[in-house]
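Colleague: I've got a sequence and a model here, and I'd like to talk through the ligand site. Can you take my questions one by one?

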Amino acid sequence: MPDTTFGSKGWTPDRLGKLDGKTYLITGANSGAGFQAARTLLKKGAKVVMLNRSVEKSKAAVAQLKTEFGDRADVSFVRMDLAALASVREAASEVLQNFLRIDALICNAAIAQVPTRKLTVDGFESQLGTNHYGHFLLCGLLFDRIAKSKGRIVVVASLGYNMGLKTIKFDDMNWNEGYSPNTAYSQSKLAQMMFAYELQDRLAAAGRTDVEVYVCHPGSSATSLITTSGSRTMRFIWWLMTKTPMVQTAEQGSYPEVMCATEEALTDQRALYGPTGRMEAVGPVGKGTLNPHAYDKPVMTKLWQASEGATGFDWKL
Ligand SMILES: NC(=O)c1ccc[n+]([C@@H]2O[C@H](COP(=O)([O-])OP(=O)(O)OC[C@H]3O[C@@H](n4cnc5c(N)ncnc54)[C@H](OP(=O)(O)O)[C@@H]3O)[C@@H](O)[C@H]2O)c1
């Protein structure tokens, strides 16, 4: 049964009131769903800080947003490469110096379908390193500021968590054996979800309600995700798909993350939010299906320990 909490059209930015005084951090916001989320939040008067790896693309994105919303639009960027833990640490310290509140940290950036196995500078398989370990460390470093702001962490996941192994390959996290672009991507997105659900558990165990953690996905959205890191064949297949109703716009793909960052009526954190139409890949935004392998407790707990070890970050709650 599709979720009807927000009516037959699902959640849309029409529900947003003014966001003056609020600060939203978005990773990977110079394109795709992240850029569209930035547009929506700015339109409502929020401050938006983009955490992006490319200075050049970030400057272009800021310029485009200022052209649309005027010079007073409060949008800036901090350079951060999620594939390098040192860069994540530097970016977090710059954020802590310059931004006193964080109403939501939207973990949106990702690479996907990397055709051949690659390692990050820290020696992690590139998709796991970028999508999961990078965000794990960033969330940990910014956590106290988010808590002080009574803010949210929003993890942008993927229906890919239902593909691949549906668990974490602890004996070979870096895919020395059996690498395939989709399986490794799926595992990285499952890891991001498990991080979020485990964080919810740890907050509850500590009796804390000062941070809310939501998980969403954009469905199938016409962004640059596959063009950036996918193989030539994948890019062609994806290009064909974008010509069909099976794929929605990047703007529609941004609604779940904006909803999870802002919507007061959301209460269920142990959920997966996204499109609720055909195959939950397109259509009205609401609560979708969440399969239990995404919150398999022993796996989540072990992954948390592995993530602390890999990032060298001892997360005290
Ligand atoms: N589009 C879909 O159909 C779909 C489906 C399921 C899930 N998702 C998820 O939706 C989220 C948004 O992706 P999108 O579709 O909007 O793709 P996108 O247009 O490619 O945006 C991804 C963003 O992540 C940034 N990024 C990549 N590697 C990074 C790194 N090492 N450090 C910092 N930023 C980095 C990219 O920066 P550059 O511009 O420098 O490359 C880009 O701004 C992702 O989490 C993705 O997994 C998308």
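Modeller: Sure, we'll go through the ligand and then one residue of a helix, and keep in mind that this is a predicted model.

Colleague: Which residues come nearest to the ligand?

Modeller: The ligand has 30 residues around it. The ones that come nearest are Asn30, Asp81, Asn108, Tyr185 and Thr223.

Colleague: How far is the polar side-chain atom of Asp81 from a nitrogen atom of the ligand?

Modeller: Let's take the oxygen atoms of the ligand before that. A polar backbone atom of Gly32 is 3.5 Å from one oxygen atom, and Arg53 has a polar side-chain atom 2.8 Å from an oxygen atom. For Asp81, the partner is a nitrogen atom of the ligand, and the distance to the polar side-chain atom is 2.8 Å.

Colleague: How much of the ligand's accessible area does the protein cover?

Modeller: On its own, the ligand has 890 Å² of accessible area. Of that, the protein covers 96%.

Colleague: Which elements give two or more residues to the shell around the ligand?

Modeller: By residue type, the shell divides into 13 nonpolar, 13 polar and 4 charged. The elements giving two or more residues are helix H1 (32–43), helix H5 (181–205) and helix H6 (225–229).

Colleague: And Gln36, does that count as buried or exposed?

Modeller: Gln36 lies in helix H1. Leaving out residues up to four places away in sequence, Gln36 touches Ala250, Glu251 and Ser254. Its relative accessibility is 15%, and the cut-off is under 20%, so Gln36 counts as buried.

Terms used:
Residues are numbered from 1 along each chain as its sequence is written. This is a predicted model: local features need pLDDT of at least 70, side-chain atom pairs count only at pLDDT 80 or more; totals for chains, interfaces and linings use all residues. Side-chain values use heavy atoms; hydrogens and water are left out. A residue is near a molecule or strand if one of its heavy atoms lies within 4 Å of it. A polar contact is a pair of N or O atoms within 3.5 Å; within protein, one must be able to donate a hydrogen and the other to accept it, and residues adjacent in sequence count only if both atoms are side-chain atoms. Accessible areas come from the Shrake-Rupley method with a 1.4 Å probe; for residues, only the protein chains shown count as cover. Helices (H or I, at least four residues) and strands (E, at least two) are DSSP runs, numbered from the N terminus. Ala, Val, Leu, Ile, Met, Phe, Trp, Tyr, Cys and Pro count as nonpolar, Asp, Glu, Lys and Arg as charged, and the others, Gly among them, as polar. Buried means under 20% relative accessible area, exposed over 50%, partly exposed in between (1.4 Å probe, protein chains only). Contact means heavy atoms within 4.5 Å.
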